[in-house]
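Reader: I should like to learn how to read packing features in a protein model. Where would you begin?

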Amino acid sequence: MKKSILTFLALAVSVLFSAETFARDQINIVGSSTVYPYGTVNAQRLGESGFKTPTYNPTGTGGGMKLFCAGVGVEHPDITGASRPMKSKEAKLCVENGVTNVVEVMWANDGITFSHSNAAEKMDLTRAEIWTAMAAKVVVDGEVVENPYTKWNEINSSLPAYKIEVLVAPPTSGTRDAFDGNVMEKGCAAMGYEDITGGDDGCTDYREDGRIIEMGENDTLIVQKLVEDKERFGYFGYSYLKDNGDKLQPASLEGVDPSEESIAAYEYPVARPLFIYLKKDHIGVVPGIQEFAQMMVSDEAIGSNGYLTKIGAAPMVSELLSRTRSDVDTLAAFDVVACAEKKHPLKDAGYAFSGKLCK
Amino acid sequence: MNSLNKRLSAEKRFQAYGLFAVALSMFFVLILMWKIFSTGSGAFVRTTIEANVFFNPDFIQVNQNSLEKELYRASYVALADEVVRQNHPNLNEEQFIKVREMYTRKFDYQLRDYLLDNPDKIGQSIIMKITASSDLDQIVKGNYPRDVPEAQRKINDYQLSVLDKLTSEGKVSSVFNFWFFTKGDSRDPETAGIWGAVMGSLYALIICFSFAFPIGLLASVYLEEFVKPGKVTDIIEVNINNLAAVPSIVFGLLGLGMLIGVIGLPYQVPLVGGLVLGFMTLPTIIIASRASLRSVPPSIREGALAVGATKMQTVFHHVIPLSLPGTLTGTIIGMAQALGETAPLLMIGMVAFVMEIPGGPLDPATGLPSQIYLWSESAERGFLEKTSAGIMLLLLFLIIMNTAAVLIRRRLEVKW
């Protein structure tokens with residue numbers, strides 16, 4: 001008996017040590033659940049072209065950055081997907097752990113739609129109206145008060161008399177980050193909240209009287225809830241709207257409807273670029289990393305009838321796209337050290353997202 | 001007399017409450033089952049379109065004498081396009097793209113697999129049932145309405161007219177979807193299968209069993225038979241009972257910190273998943289095993305000791321075999337619980353898009369419940385039925401395991 005126990009222990013230990021030297025020939029991707037549908041479709045295409053199909057672990061943008069920046073070596077992921085640019089804090093973590101050879105690939109755009117059921121009346125909203133409906137404290141007659149509104153027509157009499165009820169994503173979600181930054185903060189500024197209070201504290205605080213309902217990251221559930229009650233609104237990525245066109249319609253924002261064109265031109269106000277970050281030190285160790293990125297920015301993927309465009313990614317303007325393509329082809333390293341100091345080459349380029357880079 | 005009637009009617013009322021409670025829970029179970037079965041049954045069939053396939057050697061660059069390896073490596077993409085063109089003659093380029101979209105994107109693999117099984121068909125024509133794309137499949141199954149405006153549909157009016165023509169010619173039919181049971185995950189719902197997740201869960205459960213069962217058994221035998229009860233054993237007992245109630249995600253965190261962080265095991269592999277599930281199942285096994293050791297009457301031990309057996313012989317020759325049915329039952333129930341766990345897998349990365357079917361416990365994999373979770377998150381309508389079908393399969397495995405536990409107890413347990 002003693003012998004068999006010892007054998008078992010020896011076996012267990014040997015398994016552990018063999019795992020230490022465990023090599024990998026399959027790309028490991030982590031990161032944003034917004035990038036997940038695109039990343040996995042692209043992974044599948046890479047698999048069909050002869051490489052092993054990469055795995056994609058939807059940890060969320062923040063979680064992905066943490067894993068990605070944890071170090072160099074096959075036990076760490078090779079690529080992370082992000083629905084917002086890397087933050088300076090994350091760049092710092094990367095630098096601390098020796099992950100300094102990174103390629104930033106800004107590969108497409110995504111629009112966040114503010115949608116409701118097809119059965120409802122089509123609505124044209126401004127960001128000021130959305131903020132006024134959703135914020136905890138709003139501006140009424142030049143004063144900041146607790147949000148008194150219960151129906152959309154109380155905010156603007158031309159809107160239907162629907163009750164105010166919005167389903168929102170949890171605070172950890174990249175979609176919520178983008179919505180808060182592009183809708184709530186802009187609406188807040190438009191209403192003059194900062195002039196009254198002297199700061200933007202509280203701009204992105206949602207009201208807490210039960211009209212803003214926090215849902216999980218499960219967008220399918222949000223779609224179901226929106227169909228149940230046509231007066232409810234919810235926000236999510238453009239790809240979801242595309243797949244549920246029989247059930248949902250988007251509200252237009254500032255008079256612009258979300259579409260591939262309006263998102264690419266950043267005319268639609270809640271458009272944001274999507275990223276993947278490659279670990280350059282893994283290229284040549286794990287096969288297919290550069291090829292994965294090249295496929296993702298090819299015309300076949302994000303051209304007008306591309307396989308990623310078809311499921312909801314909006315192409316980028318050509319100057320940004322050619323910049324990204326040359327970055328991928330030459331593996332131009334992205335300056336993580338500068339990013340940790342909040343510097344980025346596109347910071348002053350004047351794009352709608354420029355302010356967010358390495359924030 | 002009066003008080004007797006009162007007491008009797010109180011009893012009747014109590015029984016009515018009990019019946020009501022049972023009926024209510026049955027009602028909820030039935031609703032759940034009905035919902036899962038009605039949405040999930042669609043995943044077991046797939047829509048196919050009958051087409052005339054001519055295995056033109058020019059398109060696949062092979063001939064009658066080609067080796068199997070050459071047949072496997074050849075590209076069938078051009079042939080697939082040609083099959084569509086032949087079966088829908090006189091299409092302009094735009095119409096061709098639309099018609100091609102009605103078939104599954106990768107039906108070149110279907111052609112390849114057929115030719116590998118029937119290499120003599122090169123240069124011949126056959127009638128083949130080609131899988132339709134998921135969007136078309138959903139329209140045919142009625143899961144996606146046809147009567148909404150064209151802009152809101154993924155299948156446009158032209159494609160619908162082609163579909164109606166094919167239907168009237170009797171070329172559209174449903175076949176049993178073997179792929180669901182044999183393939184790994186895919187981003188095309190029509191080719192997505194659950195087998196990769198089943199294998200991932202299987203490897204994890206094997207690791208879980210081979211880790212938790214021996215350790216659990218030895219721990220409980222030592223605690224129950226050898227050590228003298230005292231303060232220390234009390235503390236251990238309280239801790240084991242406590243561990244059994246710890247939320248499973250905590251074990252996931254332990255796995256992430258210890259196994260992946262300190263020991264350096266790879267991320268998202270069944271080895272780590274199985275060990276984590278093993279940590280989780282260990283207290284359950286120890287508790288069940290100790291209970292069944294305790295139920296072995298002292299006369300057995302005393303009998304063995306009286307004829308000169310050592311303590312160890314007594315335990316290993318008599319007590320453990322007699323207590324094994326109870327221990328096994330507890331183990332199987334613990335493993336069934338582990339099979340349904342998602343939270344610990346989430347922490348160690350076994351919730352991921354993994355297309356390749358894992359070949360061992362060190363290959364990246366996902367588990368059954370995590371596959372269900374991933375499908376439920378997907379936007380494509382075709383994954384809705386896959387989600388429910390996955391749940392049905394998971395329920396089936398749970399029923400099998402729990403039935404096995406009951407049978408083992410019935411058959412083998414000795415009543416004293």
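Author: Let us begin with the term nonpolar core: a set of buried Ala, Val, Leu, Ile, Met, Phe, Trp, Tyr and Cys residues joined through C-beta atoms within 7 Å. Please note that this is a predicted model.

Reader: How many residues does the largest nonpolar core have, and which have the most contacts inside it?

Author: The largest nonpolar core comprises 159 residues, and those with the most contacts inside it are A:Val105, A:Ile276, A:Tyr277 and B:Cys208. Helix 10 of chain B (residues 195–226) gives the most to this core, namely 14 residues. Another core lies apart from it, with 23 residues, including B:Tyr103 and B:Ile139.

Reader: Which residues does A:Val105 touch, not counting residues up to four places away in sequence?

Author: On that basis, the residues touched by A:Val105 include A:Phe275, A:Ile276, A:Ala293 and A:Val328.

Reader: How should one read the packing of two helices?

Author: Two packed helices are described by two quantities, the angle between their axes and the distance between the axes. In chain B, helix 11 (residues 231–244) packs against helix 13 (residues 270–294) at about 125°, with the axes 8 Å apart. That angle makes helix 11 of chain B oblique to helix 13 of chain B. The crossing of helix 11 of chain B past helix 13 of chain B is left-handed. By class, their contact has 6 nonpolar, 2 polar and no charged residues.

Reader: At what angle do the axes of helix 12 and helix 13 of chain B cross?

Author: They cross at roughly 130°, and the axes of helix 12 (residues 248–262) of chain B and helix 13 of chain B come within 9 Å. Helix 12 of chain B is therefore oblique to helix 13 of chain B. Here the crossing is right-handed. The contact of helix 12 of chain B with helix 13 of chain B has 9 nonpolar, 3 polar and no charged residues.

Reader: Is A:Ala120 buried or exposed?

Author: A residue counts as buried with 20 or more other C-beta atoms within 10 Å of its own, and as exposed with 12 or fewer. A:Ala120 has 19 within 10 Å and is therefore partly exposed. A:Ala120 is found in the loop between strand 4 (101–117) and strand 5 (124–125) of chain A. Leaving aside neighbours within four places in sequence, A:Ala120 is in contact with A:Lys230 and A:Glu231.

Reader: How many residues of each chain are in contact with the other chain?

Author: There are 29 residues of chain B in contact with 26 residues of chain A. The chain B side divides into 17 nonpolar, 6 polar and 6 charged residues.

Definitions and conventions. Residues numbered from 1 in each chain as written. Chains lettered and ligands numbered in written order. Predicted model: local features only at pLDDT ≥ 70, side-chain atom pairs only at ≥ 80, totals over all residues. Contact = placed C-beta atoms within 7 Å. Nonpolar A, V, L, I, M, F, W, Y, C, P; charged D, E, K, R; others polar. Axes fitted to C-alpha atoms, helices over the stretch in contact; angles between N-to-C directions. Helix = DSSP H or I, 4+ residues; strand = E, 2+ residues; numbered from the N terminus. Parallel < 35°, antiparallel > 145°, perpendicular 65-115°, else oblique. Left-handed = near helix turned anticlockwise from the far one by under 90°.
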